[in-house]
Amino acid sequence: APSATPASVCAGATLHLNAEPVAGGTYSWRGPGGFTSTLQNPSIANAQATNSGQYCLVVTLSGCPSPEICVTATVKPLPVVTVSPPTVTVFVGQTIQLGASDGAGATFSWTGPNGFTSTLQNPSIPNAQAINAGQYCVTATVDACPSQPVCVPVVVIPPPIVTNNGPICEGAALQLSVST
């Protein structure tokens, strides 16, 4: 009997079709999108949704064809994740708020600087410091199929530094300066 392993794959993976060996037999597979093969165990690399459907096999032995036996294979689409906003800018001490969106049922995985990880859809980092600046990347997984990672740059702006030329003598000019 034919089988597909796995019977359900994520888009971009390889779909393997399998048949039990028949000594002296020849194999004839047909399937969606005009797929044909004479291999016992053909594979479809980089499978896409258009490869979903029934794959049917006939084994011919000594000129006699077997009844056609079919197996169903499903190629699941990859989710597409988006981030909002596309760049995050905060001052030291403020909260970094990250946001991701995708279709219903997604689980999220964030990574970032300083060992940051989160499984929240919209994680936050309170009391931002310079070590929190950098790229934060997220993937969404739906039905065991992960999206491509999407990254958002986070900029943490240090507070301005105010300096003066003091102490000064009475009557002298006090000069103040602020770093930007």
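**Exercise 1. A loop residue with an unusual backbone angle**

Asn114 is found in the loop between strand S14 (107-112) and strand S15 (116-118). Keep in mind as you work that this is a predicted model. Find out what sign phi has at Asn114, and decide whether Asn114 is buried or exposed.

*Solution.*
- Step 1: Look at the backbone. Phi of Asn114 is positive, about 60°, although Asn114 is not a glycine.
- Step 2: Look at the surface. The relative accessibility of Asn114 is 57%, and the cut-off for "exposed" is over 50%. Asn114 therefore counts as exposed.

**Exercise 2. Another loop, another angle**

Locate Asp143 among the strands, then describe its phi and its exposure.

*Solution.*
- Step 1: Asp143 sits in the loop between S17 and S18.
- Step 2: Its phi is near 55°, which is a positive value in a residue other than glycine.
- Step 3: With a relative accessible area of 54%, Asp143 is exposed.

**Exercise 3. A peptide bond to check**

Determine which form the peptide bond from Ser84 to Pro85 takes, and say where Pro85 lies.

*Solution.*
- Step 1: Read omega for the bond from Ser84 to Pro85: the angle is near -5°, and the bond is cis.
- Step 2: Place the residue. Pro85 belongs to the loop between strand S10 (82-83) and strand S11 (88-91).

**Exercise 4. The form of the whole chain**

Count the helices and strands of the protein chain, and decide whether the chain is more spread out or less spread out than a compact globule.

*Solution.*
- Step 1: The protein chain has 21 strands and zero helices.
- Step 2: Compare two radii. The radius of gyration is 30 Å, whereas the globule rule gives 16 Å for 180 residues. The value for the chain is well over that of the rule, so the chain is more spread out than a compact globule.
- Step 3: Turn to the box. Along the principal axes, the C-alpha atoms fill roughly 115 × 25 × 25 Å.
- Step 4: Add the surface. About 10,400 Å² of the protein chain is accessible, and carbon and sulfur atoms hold 60% of that area. Buried residues make up 32% of the 180 residues.
- Step 5: Finish with the contacts. Of those with a separation of 6 or more, 52% are between residues 24 or more positions apart.

**Exercise 5. Strands side by side**

Work out in which sense S9 pairs with S2 and in which sense S9 pairs with S7.

*Solution.*
- Step 1: Take strand S2 (residues 8-10) with strand S9 (residues 69-76). They pair in the parallel sense, over three bridges. Within this pairing, Ser8 has Thr74 of S9 as its bridge partner.
- Step 2: Take strand S7 (residues 53-61) with S9. Here the sense is antiparallel, and there are five bridges. Cys56 stands opposite Cys70 in S9, which leads us to the next exercise.

**Exercise 6. Tracking down the disulfides**

Find how many disulfides the whole structure holds, and explain why Cys64 has no bond to its closest cysteine.

*Solution.*
- Step 1: A search of the whole structure turns up three disulfides. A pair of cysteine sulfur atoms counts if they are within 2.5 Å.
- Step 2: Cys10 and Cys145 pass the test, with sulfur atoms 2.1 Å apart. The pair links distant parts of the chain, from strand S2 to strand S18 (residues 145-146), 135 residues apart. Both Cys10 and Cys145 are buried. The S-S torsion is -95°, and this link is left-handed.
- Step 3: Cys56 and Cys70 are joined with an S to S distance of 1.9 Å. Their link is right-handed, with 105° about the S-S bond. Cys56 lies in strand S7 and Cys70 in strand S9, so the pair ties together parts that are 14 residues apart in sequence. Cys56 is buried at 2% relative accessible area, while Cys70 is partly exposed at 34%.
- Step 4: Cys137 and Cys151 are also joined, S to S 1.9 Å. Their torsion is about 100°, so this disulfide is right-handed. Cys137 is in strand S17 (residues 134-142) and Cys151 in strand S19 (residues 150-157). Cys151 counts as partly exposed, at 35% relative accessibility.
- Step 5: Number the bonded cysteines in sequence order, and the pairing reads 1-5, 2-3, 4-6.
- Step 6: Now for Cys64. The closest cysteine sulfur, in Cys70, is 20 Å from the sulfur of Cys64, and that is too far for a bond.

Notes
Residues numbered from 1 in each chain as written. Predicted model: local features only at pLDDT ≥ 70, side-chain atom pairs only at ≥ 80, totals over all residues. Heavy atoms only, no water. Pairing = 2+ DSSP bridges. Helix = DSSP H or I, 4+ residues; strand = E, 2+ residues; numbered from the N terminus. Buried < 20%, exposed > 50% of the residue type's maximum accessible area, 1.4 Å probe, protein only. Rg over C-alpha atoms; globule rule 2.2 N^0.38 Å. Contact = heavy atoms within 4.5 Å. Areas by Shrake-Rupley, 256 points an atom, 1.4 Å probe, with all protein chains shown as cover.
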